[in-house]
Amino acid sequence: MKTGIFYGSTTGATAEIARQIAKAMGVEEKDIHDVAHTSPARLADYDLIVAGTSTWGHGEVQDDWYDFLDGAEALDLSGKRIAIFGEGDETMSDTFCAGMSVLRRRLEGTGAAFTGEFPAGTYSFNTSAALLPDGNMVGLALDNVNHANLSPERIEQWVKTLG
Ligand SMILES: Cc1cc2nc3c(=O)[nH]c(=O)nc-3n(C[C@H](O)[C@H](O)[C@H](O)COP(=O)(O)O)c2cc1C
C-alpha cells in the first residue's frame, strides 16, 4: 500500500504535523506534498491519501487548498482511501478544525472511501462542522496552539487505525 501525505499550511504548523505523521507511518519525504506546490493529479499515485489542513477565517480550509481542490474534485479516486487531519485552536470554539469538513465535502465526489475518524471526547470545544453526529471528528484534530504536548500521542493512536 502506497501512502502519500498532502497538506496546506500558512505558518508551518500543519507542515510540521505532516512530518510527524509521516514519521509515525514510515512515509518518505518524497511522498509528503505541500498542496501549494503540487499537482492534484499526484493524488492518483497513492492508495492511502492523508490530507491535512489548518483552519482559517471562520472555519475555512487553509488557502492553498482552494486551487488544489478545484483540480482534485474532478478526479476519479475510486478504490483509494482518504484520511483527514487538521490543525486548529480549540478556543475558536464553534469552528475548531472545521477546515477538515471542507476537505471531506469537496473530496466526497471522487469515489474514494474516507477513513480515520477520531473520537472527539478528549477535546474541549463547543461545536465544529468537522464533528459527526456519532461523536467522532471527520479526522484527526490537533491543537498545537494550546496543546502541542497532546499531539504525539494522538498521532500514534490515529495512525494505528489507518491500517
Ligand atoms: C485569523 C485566524 C483565524 C483562525 N480561525 C480558526 C478557526 O476557525 N478554527 C480553528 O480551529 N483554528 C483557527 N485558527 C488557528 C489556526 O488554525 C492555527 O493557528 C494553526 O496552527 C495554523 O496552522 P498553519 O500554520 O499550518 O496554517 C485561526 C487562526 C487565525 C490567525
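At 33% relative accessibility, Arg-19 counts as partly exposed, a label given to residues between the limits for buried (under 20% relative accessible area) and exposed (over 50%), with a 1.4 Å probe and protein chains only. Arg-19 makes a salt bridge with Glu-29, and their closest N and O atoms are 2.7 Å apart. Here a salt bridge is a side-chain nitrogen of Lys or Arg within 4 Å of a carboxyl oxygen of Asp or Glu. Arg-19 sits in helix 1 and Glu-29 in the loop between helix 1 and strand 2 (32-34), 10 residues apart, so this pair links distant parts of the chain. Helices (H or I, at least four residues) and strands (E, at least two) are DSSP runs numbered from the N terminus.

Before we go on, a word on the model: it is predicted, local features need pLDDT of at least 70, and side-chain atom pairs count only at pLDDT 80 or more, while totals for chains, interfaces and linings use all residues. Residues are numbered from 1 along each chain as its sequence is written, and side-chain values use heavy atoms, with hydrogens and water left out.

Let's stay with the charged pairs for a moment. Side chains of opposite charge can pair when their charged atoms come close. Across the whole structure, a search finds seven salt bridges. One of them joins Glu-73 and Arg-106, at 3.0 Å from N to O. Glu-73 is in the loop between helix 2 and strand 5, whereas Arg-106 is in helix 3, 33 residues apart. The two partners sit in unlike surroundings: Glu-73 is partly exposed, with a relative accessible area of 37%, and Arg-106 counts as buried at 17%. Asp-70 joins Glu-73 and Arg-106 in a network of salt bridges.

Helix 3 also holds Arg-104, whose partner Glu-117 is in the loop between strand 6 (113-115) and strand 7, so the pair ties together parts that are 13 residues apart in sequence. The closest N and O atoms of this salt bridge are 3.0 Å apart. Arg-104 counts as buried at 17% relative accessibility, and Glu-117 as partly exposed at 31%.

Now look inside. In soluble globular proteins, nonpolar side chains tend to be buried together. The largest nonpolar core in this model has 49 residues, and those with the most contacts inside it are Ile-21, Trp-65, Phe-85, Met-137, Leu-140 and Trp-158. Such a core is a set of buried Ala, Val, Leu, Ile, Met, Phe, Trp, Tyr and Cys residues joined through side-chain atoms within 4.5 Å. Among the elements that each supply at least two residues are strand 1 (3-8), helix 2 (65-72), strand 5 (81-87) and helix 4 (151-160). Helix 1 gives the most, with five residues.

Trp-158 is a good place to zoom in. Leaving out residues up to four places away in sequence, Trp-158 touches several residues, including Ile-21, Val-50, Phe-85, Phe-118 and Leu-140; contact means heavy atoms within 4.5 Å. Phe-118 lies in strand 7 and is buried, with a relative accessible area of 4%. With sequence neighbours again left out, Phe-118 has Tyr-123, Met-137, Arg-154 and Trp-158 among its contacts.

What about the rings? The whole structure has seven aromatic pairs, where rings of Phe, Tyr and Trp (its six-membered ring) pair if their centres lie within 6.5 Å, and planes under 30 degrees apart count as stacked, over 60 as edge-to-face and the rest as tilted. Phe-85 and Trp-158 have ring centres 6.4 Å apart and planes at 65 degrees, so they are edge-to-face. Phe-85 is in strand 5 and Trp-158 in helix 4, so this pair ties together parts 73 residues apart in sequence. Both residues are buried. Phe-96 and Phe-125 form a tilted pair because their centres are 5.2 Å apart and their planes at 45 degrees. Elsewhere, Phe-6, Tyr-46, Trp-65 and Phe-68 form one aromatic cluster.

One last stop: which residue of opposite charge has the side chain nearest to buried Glu-87? It is Arg-154, 8.4 Å away, and Glu-87 has no salt bridge. Glu-87 lies in strand 5, and a polar atom of its side chain is 2.9 Å from the backbone nitrogen of Asn-144.

Conventions
Lys, Arg positive; Asp, Glu negative; His and termini not counted. Polar contact = N/O pair within 3.5 Å; in protein donor to acceptor, adjacent residues only side chain to side chain.
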